[in-house]
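New to this one? Take a slow look at the fold below, and then we'll walk through it piece by piece.

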Amino acid sequence: METSLKNNQIRVGSFFGIPVTFDFSWFLIVIVLAWILAVGYFPKEYKGWTEIQYWGVSIVTSVFFFLSVVLHEYGHSIVAKKYNYEVKGIKLFIFGGVSEIAVEPKNPKEEFLISIAGPVVSLLLGGIFYYAATAFNDKGMIYAFAHYLGWINIILGLFNLLPGFPLDGGRIFRAIVWGITKDYKKATHWSATAGRFIGFSLIFVGLMEMMAGFVTDGIWVALIGWFLESAAFAQLQQQELKKLLSGHKVADAYSRNYMLVPDDITILEFFDGNDFYKNRSFFFAENNGEITGVFTLQDLLNIPKSKWESVKISDVIIPISDTIKTTPDTPLVDALKIMDENSFNQLPVFENGKLIGVLSRKSLVAYLSQMNTHAKR
Ligand SMILES: [Zn+2]
């Protein structure tokens with residue numbers, strides 16, 4: 001079943017074959033921006049409008065700002081598609097947008113062009129709005145609208161060019177280092193380290209602003225800094241993990257401990273009188289010894305309680321034929337990547353068409369900690 005409302009996200013539609021989704025946190029930003037413009041920025045810069053005029057211009061400006069961010073992301077996505085990368089979609093959330101490109105960049109040139117496309121769109125939009133503002137240079141409402149959007153798009157373009165991961169500039173920086181040194185890992189490491197530095201610097205600037213009395217601005221700058229720093233740090237950690245896991249296979253880390261649940265019982269029967277769900281959140285459904293599908297505890301909890309008496313396990317499962325599986329001889333790095341890309345916490349392990357166990361984040365951590373103790377000895 002496909003739903004358009006999942007994990008606080010709204011899918012608004014698909015353009016050029018690229019779906020756009022909003023997180024609810026993004027609406028908050030659009031509303032807060034409209035409010036800041038209507039009660040702060042526009043009344044300070046432009047005198048003598050009515051309340052309705054301030055709010056009208058502010059709402060339109062805020063909506064166009066949000067469209068500008070979408071266009072920035074389309075810049076990345078369209079170039080990525082041109083080079084045959086699968087683009088899963090554009091996602092907008094509290095700190096802006098992301099283009100979800102499924103695979104790692106294949107070479108420095110493509111990474112460079114995909115990364116620079118977003119800031120180029122923003123700077124172009126900035127130029128167009130600025131030019132439009134000069135055409136309406138009467139300090140009226142159209143001028144105010146175009147002037148603000150020109151300014152904000154140029155800031156957006158320049159900020160994203162800062163040379164640290166995960167910003168576009170960080171990817172451009174990585175592409176350049178990668179092109180020169182031919183060493184992707186080293187380039188990623190440098191770019192992520194630069195990203196952490198930029199993140200910490202922004203946190204510092206934010207704190208300074210707060211102390212100087214610009215509390216709201218300061219908090220916002222510090223939050224963006226914190227977001228960048230944690231993303232850069234996560235990238236470094238992921239690289240460490242890859243190094244640690246390289247050469248190891250799913251066979252080393254999967255667990256043979258899994259739970260089979262008859263698929264013809266109801267959800268009520270599942271919870272009543274069975275201890276299926278003790279310490280578990282992932283299950284296989286079976287029928288006469290045949291595995292029919294998989295489901296999680298959350299899948300059951302998503303069904304309204306009033307229906308637990310009538311809905312059967314077989315109604316909620318993902319059929320086993322549609323389930324993404326792995327094999328014992330798959331490299332662990334690849335299996336983990338599949339889990340990350342699909343936000344799965346586990347993957348069924350099949351050998352010669354037969355279920356032999358589950359690779360889960362838990363089993364992976366157990367394996368890693370055991371590897372670590374061996375290393376320390
Ligand atoms: Zn970008």
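What follows is a short tour of the domains, the helix packing, the strands and a couple of backbone oddities.

## Two domains

Keep in mind from the start that this is a predicted model. The domain assignment splits the protein chain into domain 1, covering 5–245, and domain 2, covering 250–376. Taken over C-alpha atoms, the centres of domain 1 and domain 2 sit 37 Å apart. How many residues does the contact take from each domain? It takes 4 residues from domain 1 and 5 residues from domain 2. On the side of domain 1 that touches domain 2, the residues come out as 3 nonpolar and 1 charged, with no polar ones.

## Helices side by side

Now for the helices. Two packed helices are described by the angle between their axes and the distance between the axes. Here are three pairs to look for:

| Helix pair | Angle | Axis distance |
|---|---|---|
| α6 (residues 184–211) and α7 (residues 215–245) | about 160° | 7 Å |
| α2 (residues 51–82) and α3 (residues 108–135) | roughly 145° | within 7 Å |
| α2 and α4 | about 30° | 10 Å |

Let's begin with α6 and α7, which pack at about 160°. Angles over 145 degrees count as roughly antiparallel, so α6 and α7 are roughly antiparallel to each other. Their crossing is left-handed. Sorted by class, the contact of α6 with α7 has 18 nonpolar, 9 polar and 5 charged residues.

Next up is α2, which appears in the table with α3 and again with α4. The crossing of α2 and α3 is right-handed. On the α2 side, the contact residues include Leu-71, Gly-75, His-76 and Val-79, while among those on α3 are Ile-114, Ala-117, Gly-118 and Val-121. By class, the contact of α2 with α3 has 9 nonpolar residues, 6 polar and 1 charged.

What about α2 and α4? Their axes make an angle of about 30°, and that makes α2 roughly parallel to α4. The crossing of α2 and α4 is right-handed. From α2, the residues making this contact include Val-57, Val-60, Phe-64 and Phe-65; from α4, they include Phe-145, Tyr-148, Leu-149 and Ile-152. The contact of α2 with α4 divides into 11 nonpolar and 5 polar residues, with no charged ones.

Two α2 residues are worth picking out. Ser-68 and His-72 are among the residues that touch α3, and Ser-68 and His-72 are also among those that touch α4.

## Strands in domain 1 territory

On to the strands. Strands of a sheet pair through backbone hydrogen bonds, either parallel or antiparallel. Strand β3 (residues 18–23) runs parallel to strand β4 (residues 87–93), and the two share 3 bridges. In that pairing, Phe-22 faces Leu-92 in β4.

On top of that, β4 pairs with strand β5 (residues 96–101), this time in the antiparallel sense and over 6 bridges. A hairpin with 2 residues links β4 to β5. Look for Phe-93, which stands opposite Gly-96 in β5.

## The four-strand sheet

Further along the chain, 4 strands make an open sheet with mixed pairing, in the order β6-β7-β8-β9. Which strands sit at the edges? They are β6 (260–262) and β9 (318–319), each of which pairs on one side only.

Between β6 and β7, which run parallel, there are 3 bridges. Strand β7 (residues 282–287) also pairs with strand β8 (residues 290–296), in the antiparallel sense and over 6 bridges. Ala-285 is a handy landmark in β7: Val-261 stands opposite Ala-285, and Gly-293 in β8 is the bridge partner of Ala-285. Phe-283 stands opposite Phe-295 in β8.

## Two backbone oddities

Most residues other than glycine have a negative phi, and most peptide bonds are trans. This model has an exception to each. Asn-288 has a positive phi near 50°, and it is a residue other than glycine. You'll find Asn-288 in the loop between β7 and β8, a hairpin with 2 residues between the strands.

The other exception is a cis peptide bond that joins Phe-165 and Pro-166, with omega about 5°. Where is Pro-166? Pro-166 lies in the loop between α4 (141–160) and α5 (168–181).

Key
Residues are numbered from 1 along each chain as its sequence is written. This is a predicted model: local features need pLDDT of at least 70, side-chain atom pairs count only at pLDDT 80 or more; totals for chains, interfaces and linings use all residues. Axes are lines fitted to C-alpha atoms, for helices over the stretch in contact, and angles run from 0 to 180 degrees between N-to-C directions. Angles under 35 degrees count as roughly parallel, over 145 as roughly antiparallel, 65 to 115 as roughly perpendicular and the rest as oblique. A crossing is left-handed if the near helix is turned anticlockwise from the far one by less than a right angle, and right-handed if clockwise. Ala, Val, Leu, Ile, Met, Phe, Trp, Tyr, Cys and Pro count as nonpolar, Asp, Glu, Lys and Arg as charged, and the others, Gly among them, as polar. Two strands pair if DSSP finds at least two bridges between them. Domain bounds come from an automatic or database domain assignment. Two residues are in contact if their C-beta atoms, placed from the backbone, lie within 7 Å.
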